[in-house]
Every structure is written in structure tokens, then in C-alpha cells.
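These are my notebook entries on a structure that I looked up element by element. Each entry records what I sought and what I found.

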Amino acid sequence: MTRIKYGLTLSNRSVLLGMSTVSEMLDLAVEADGAEVWDSVWVGDSIFAKPRLDAMVALGALAARTERVRLGVGCMASMPLRDALLSAYQWLSFDSLSGGRSIFVACQGQREAGGGKFAEEFAAFGIDPGTRSRRMEEAIEILRLVSETENASYEGTYNRFENVTVLPRPVQRPLPIWVTANPNPAFPKLSERALRRVARMGDGWMTTANTPQSLATNLAAIRRYADEEGRPLDESFEACLYYNIHVTEDRERGMEEVASYLRDYYSVDYDRAFLDRWVATGDPGRCVDLIREFVDAGVTTVTLRLVGYDEAAQFRRVTEEVLPALVG
């Protein structure tokens with residue numbers, strides 16, 4: 001039976017918003033490293049759309065302060081904007097620096113509410129947002145190619161190079177590369193394309209804002225598409241849910257804090273139905289039950305972002321009251 005893993009998502013954006021500090025962020029990572037219930041620590045990514053400490057820089061700091069937990073970016077939203085070969089070099093360096101603890105999650109940014117200044121960010125780099133899917137795919141191909149091959153050559157629509165060996169070599173071979181997809185059933189063709197990309201290119205799948213039912217349906221589709229691609233997925237394939245949590249005995253007051261925190265963070269007023277789907281809010285038992293529903297639906301990793309103004313208190317409650325009931 002697959003052991004379910006739990007990751008802590010740190011907010012490398014909140015330190016710019018005055019909602020936390022760099023030292024507080026690093027201290028939480030160290031605490032998670034010392035608590036066996038946590039398997040990984042994550043940061044987010046964006047450049048100008050939702051400014052934050054650069055993901056690569058933050059991950060390097062986390063690697064220096066931790067020893068055990070795996071370290072990932074969930075997800076690399078700026079992937080279409082970054083030079084693909086340079087990014088691959090940086091990620092291989094990070095895998096080497098961290099002793100082979102890296103998890104790369106590819107994505108392409110978000111136009112919808114919560115995506116920040118999406119159009120302005122692409123304009124700043126002089127890149128047509130309509131090209132972002134293919135740019136991301138090429139970046140995935142290049143990262144995988146140079147991590148596995150020396151004297152590598154590549155010719156794509158946006159990237160070309162010959163006889164390049166990226167040093168240092170990564171510790172992990174193969175290097176884990178997960179792909180993000182958050183299908184919207186209102187757009188079935190786009191949804192199928194996104195899930196087929198995961199099936200074709202991913203060692204894992206990261207998703208968010210699901211119900212247990214939609215997650216199970218999408219995971220089944222990914223497995224079906226992978227069979228059609230001739231690369232059936234084995235037990236090592238990761239299905240990762242990016243989830244949020246706020247532990248409280250007063251659920252209604254907790255939902256008010258969740259809504260306020262996310263409004264401050266994203267400048268978006270999310271409706272209650274969305275927040276109920278996106279954030280596990282309530283006492284420890286209720287949070288455990290909500291997470292278990294996703295485990296039963298097929299997730300192998302759940303990353304948890306602490307939603308609330310007192311991250312340290314939330315960390316203690318999740319570490320001491322929620323996760324022991326799930327991993328025990």
C-alpha cells in the first residue's frame with residue numbers, strides 16, 4: 001500500500017506583504033524538518049504577477065537549513081518566462097546542493113482570479129501569453145534531457161542548443177518532474193489537453209481546488225491517457241493535492257479569518273463555496289476527515305498551506321493534532 005506523504009507549503013509571498021518574516025518562514029521549515037509527520041517543504045513561484053522571494057533563492061536557503069525533508073516548488077508558474085536552459089542549470093545545481101531532495105512541478109501561470117498581474121508580467125518579458133503552454137512543454141523536455149544526457153542537443157520552437165553538458169550533475173536520476181493541471185469541466189477540450197500533458201510528460205500530477213470526486217475522475221483520465229501514450233503509470237507516479245488548512249474549534253470564525261487572509265494575499269474575494277472546497281477548516285477531526293476523503297480518492301501527497309495570521313500556532317496544531325491521526 002502506498003504511504004501517503006504530507007508537505008508544508010511556506011508562503012514566500014507573505015514576507016513581502018508584511019504577513020510573516022523570512023526568519024519565521026525558515027524557522028517553520030526547520031521545525032518541519034525535525035517532525036517526522038512532514039515529508040516535504042514547498043514554496044510558491046511568481047515574478048511580477050504575484051511578487052515574492054524568488055523560488056530558486058528561497059529553496060537554496062531551505063536546503064541550507066534542512067537535512068531530511070524533500071524540497072519543491074508548487075508550482076513554477078513563471079516557467080514560460082524563464083530561459084529554459086538557464087532554469088535547467090539552476091535546478092540541477094539545486095538538486096546537487098540539496099543532496100537530491102528536489103521536486104520540480106511545472107506550470108504556466110494563471111489568467112483567472114488569483115493569478116495576479118498575469119498580463120502585465122508577460123508583457124514585461126515581451127512574451128505572448130498564447131505561447132506559454134508550448135514554452136512550458138519545451139522547458140520540461142529540456143530539464144529532463146539535460147538531467148539525463150551529457151552533450152545534449154535540442155531544437156524546438158523557442159529553444160535551440162547543441163552539445164551542452166550541464167554541471168553539476170543532479171543527484172537524482174531520473175529527476176522528478178511533476179506537471180500541474182487544474183481542469184475546468186466548463187472547457188472539456190482544454191481539460192483533456194491538460195490531463196494528456198500530465199500523462200505524456202509527468203512523473204507526477206499536482207492539482208488544487210478539487211473535490212474528492214473530481215480528483216478521482218481526473219486521475220482515472222490521466223491513467224487512461226497514459227496507457228494510450230504507451231507509458232502506463234506505475235506506483236511511483238505521484239498524485240499531489242495542493243490544499244489549504246485552518247484548524248479551529250470555531251469554524252465560522254475560522255472561515256472569516258480564512259476569507260480575510262486570502263483576500264489580503266490574492267486581492268480576491270473568494271466565495272464561500274470555493275473556500276469550502278479549497279480550505280480544510282474546522283476542528284482537528286473535521287480536517288482529518290476532509291483530508292482522508294482525498295486520500296481515498298487516490299492522492300499520494302498532500303501539501304498543506306497554513307491559512308491564517310498566526311502561522312506558528314497553525315503549524316503546531318497541524319503537526320500535533322492533525323497529521324498524527326493521518327500517518328499513525
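How many bridges join strand E1 to strand E11, and in which sense do the two strands run? I noted first that the model is predicted. I then found five bridges between E1 and E11 (residues 301-306), and the two strands run parallel.

Entry on the other partner of E1. I looked up strand E2 (residues 40-43) and found that E1 pairs with E2 in the parallel sense, over three bridges.

Entry on leucine 8. I followed this residue to both neighbouring strands. Leucine 8 stands opposite leucine 304 in E11, and leucine 8 also stands opposite valine 41 in E2.

Entry on the cover of E1. Is the strand mostly covered or mostly open? I recorded that E1 (residues 5-9) is mostly covered, with four of its five residues buried.

Entry on alanine 226. I located alanine 226 in helix H8 (residues 212-229). Its relative accessible area is 0%; buried means under 20%, so alanine 226 counts as buried. I also looked up its separation from valine 198: the two residues are 28 apart in sequence, and their C-alpha atoms are 8.4 Å apart in space.

Entry on the charged surface. Which residues form the negative surface patch? I listed Asp283, Asp289, Glu293 and Asp296. I then checked aspartate 296, which is found in helix H11 (residues 284-297). Its relative accessible area is 69%; the cut-off for exposed is over 50%, so I entered aspartate 296 as exposed.

Methods:
Residues are numbered from 1 along each chain as its sequence is written. This is a predicted model: local features need pLDDT of at least 70, side-chain atom pairs count only at pLDDT 80 or more; totals for chains, interfaces and linings use all residues. Side-chain values use heavy atoms; hydrogens and water are left out. Patches are made of residues with over 30% relative accessible area and no salt bridge: like charges are joined within 9 Å, nonpolar side chains (Val, Leu, Ile, Met, Phe, Trp, Tyr) within 5 Å. Accessible areas come from the Shrake-Rupley method with a 1.4 Å probe; for residues, only the protein chains shown count as cover. A salt bridge is a side-chain nitrogen of Lys or Arg within 4 Å of a carboxyl oxygen of Asp or Glu. Lys and Arg count as positive and Asp and Glu as negative; His and the chain ends are not counted. The place of a charge is taken as NZ of Lys, CZ of Arg, CG of Asp or CD of Glu. Buried means under 20% relative accessible area, exposed over 50%, partly exposed in between (1.4 Å probe, protein chains only). Two strands pair if DSSP finds at least two bridges between them.
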